[in-house]
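Q: Could you take me on a close look at one part of this protein, its largest nonpolar core? I am new to reading structures, so please explain the terms as you go.

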Amino acid sequence: MAEQNGVHNLSLQTTTPMETDNGDTPQLQPQEQEQPKCLITKTDNGSIESHRYYLSRRTTLEMLKDRGYSIPTPEIQLSLEEFRQVHGQSPDVDRLRFTASHSTDPSKRILVIFSGPGTVKLNVVRNIVGQIVNRDTLSGLILIVQNQITSQALKAVNVLSFKVEIFQITDLLVNITKHVLKPKHQILTDKQKRNLLKKYDIQEKQLPRMLQTDAIARYYGLQRGQVVKVTYTGEITQMHVTYRCVW
């Protein structure tokens, strides 16, 4: 190896074939190279149904924790194998339901219910509502469905005394806030919102808008008028901050 101007030059030695007694030049055998080991991928031999329930349940737990609800960490960290040991390959949706109370306000209680694969009709909603215990103390319901919901069923949901949020199970298979390209979202308190408007001498209607149907707004359960601080970071662009008001 020679070094010229700080650059290392690698000189490769070549082997010249030797002639045999009869003048023939023998062919060189290609050097045996170690073949790369095949990558071993872990395959899931379980049912797709149980996997979908597992992923959507985990995302829902993370979502509620981000909203300030008391969610035990071991529940979120439950593995797929452990989930199947409890619920099997064909989970019973009734056993998947759970409730959670808010960390700062324990009276704020939310119920999570999984619906089966069929269309959510009026009788399904009535059956779900009929099974809810202590409805008067319930502040919210998250209904996770796998199919369309009829207009009559939606009307029945909208007249309930507590807020009802409906998610398709496919929307919860991945936690969108954990995506590497997703900016950081911080929900401002009422005081922080007032200070922001005062600082820039603006009204909330002058802020960029975020619809309540936006995936982030739905994830955090945001209401009209709430303001979100959005922080963008990247290797190419410098960090910058913007604010959006929910409409």
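A: Here is a walk through the core, with a word on confidence before it.

This is a predicted model, in which local features need pLDDT of at least 70 and side-chain atom pairs count only at pLDDT 80 or more, while totals for chains, interfaces and linings use all residues. Residues are numbered from 1 along each chain as its sequence is written, and side-chain values use heavy atoms, with hydrogens and water left out.

The protein averages a pLDDT (the predictor's confidence in each residue, from 0 to 100) of 85. Among its elements, helix H1 (residues 48–66) has the highest mean, 97; helices (H or I, at least four residues) and strands (E, at least two) are DSSP runs, numbered from the N terminus.

Now to the core itself. A nonpolar core is a set of buried (under 20% relative accessible area, with a 1.4 Å probe and protein chains only) Ala, Val, Leu, Ile, Met, Phe, Trp, Tyr and Cys residues joined through side-chain atoms within 4.5 Å. The largest one here has 32 residues, and Leu64 and Ile142 have the most contacts inside it. Elements giving it two or more residues include strand E3 (98–101), strand E4 (109–114) and strand E5 (140–145). H1 brings the largest share, six residues.

Let's stop at Leu64. Leaving aside neighbours within four places in sequence, Leu64 is in contact (heavy atoms within 4.5 Å) with Tyr69, Ile71, Phe98, Ala100, Ile110, Val112 and Ile142. Apart from this core lies another, of 16 residues, among them Leu111, Val120, Ile132 and Val164.

Key. Buried < 20%, exposed > 50% of the residue type's maximum accessible area, 1.4 Å probe, protein only.
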